[in-house]
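Trainee: I should like to request a close look at a single part of this protein. Please treat it at length and place it in its surroundings.

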Amino acid sequence: MNVQSCARCGFGVYPAEKINCIDQTWHKACFHCEVCKMMLTVNNFVSHQKKPYCHAHNPKTNTFTSIYETPVNINVKKQSESVSEVRCSRRERGVHKNLLWGAFGPQA
Ligand SMILES: [Zn+2]
Ligand SMILES: [Zn+2]
């Protein structure tokens, strides 16, 4: 018998559980993503430095090791639109002249 050794665990790999990938031999169970340990198949793995990765952890895309916390430029526009002062039109003083509120009238 020509039993090859698993590239990951080093134990012999029998044909029934063998995966040939990346020029190496793997147990099916050992052929999993380096990062999340998700089991891979020859159809959905990504090889990098002779190690398998899932697509989500593909080192070539560097989406998991270099998680730059992108400074989200939160431009909180503090446009205080309180500029429009509620002006009590003093022309109404004449209207309220009978209410005895003084000369300034009812200022809200
Ligand atoms: Zn193995
Ligand atoms: Zn993964």
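In which strand is W26 found?

Mentor: W26 is found in strand β4. The model under discussion is a predicted one, and its secondary structure comes to zero helices and six strands. Read from the N terminus on, the elements of the protein follow the order β-β-β-β-β-β.

Let us begin with the strand and its partner. Strand β4 spans residues 24-27 and pairs with strand β3, residues 18-21, in the antiparallel sense over four bridges. Within this pair, W26 in β4 has I19 opposite it, while Q24 in β4 has C21 standing opposite. The two strands form a hairpin with two residues between them, and there I22 takes a positive phi near 50 degrees. As a general matter, most residues other than glycine have a negative phi.

Next comes the burial of W26. This residue counts as buried because 25 other C-beta atoms lie within 10 Å, and the threshold for that class is 20 or more. Buried residues make up 10% of the 108 residues in the protein. Leaving aside neighbours within four places in sequence, W26 is in contact with C6, A7, R8, V13, I19, C21 and F31. One of these residues, A7, is 19 residues away from W26 in sequence, yet the two are 5.5 Å apart in space, C-alpha to C-alpha. For the protein as a whole, among contacts between residues at least 6 apart in sequence, 11% join residues at least 24 apart.

The residue opposite deserves the same attention. I19 has its place in strand β3. With 21 C-beta neighbours inside 10 Å, I19 is therefore classed as buried. Not counting residues up to four places away in sequence, I19 touches W26, K28, F31 and V42. F31 thus appears in the contact list of I19 and also in that of W26. A further separation may be noted for I19: A29 is 10 residues away in sequence and 9.4 Å away in space, C-alpha to C-alpha.

These residues can now be placed in the core. The largest nonpolar core has 10 residues, among them W26, I19 and F31. The other members of this core are C6, A7, V13, C33, L40, F45 and Y53. Several of the core residues are direct contacts of W26, including C6, A7 and V13.

For contrast, consider the loop between β5 (46-48) and β6 (51-53), where Q49 lies. K50 is found in that loop between β5 and β6 as well. Q49 has a positive phi of about 50 degrees although it is not a glycine, and K50, also not a glycine, has a positive phi of about 60 degrees. Q49 is classed as exposed because 8 other C-beta atoms lie within 10 Å. K50 is likewise exposed, with 10 other C-beta atoms within 10 Å; the limit for the exposed class is 12 or fewer.

To draw the picture together: W26 is a buried residue of strand β4, stands opposite I19, and belongs with I19 to the largest nonpolar core.

Key:
Residues numbered from 1 in each chain as written. Chains lettered and ligands numbered in written order. Predicted model: local features only at pLDDT ≥ 70, side-chain atom pairs only at ≥ 80, totals over all residues. Pairing = 2+ DSSP bridges. Contact = placed C-beta atoms within 7 Å. Core = buried A, V, L, I, M, F, W, Y, C linked by C-beta atoms within 7 Å.
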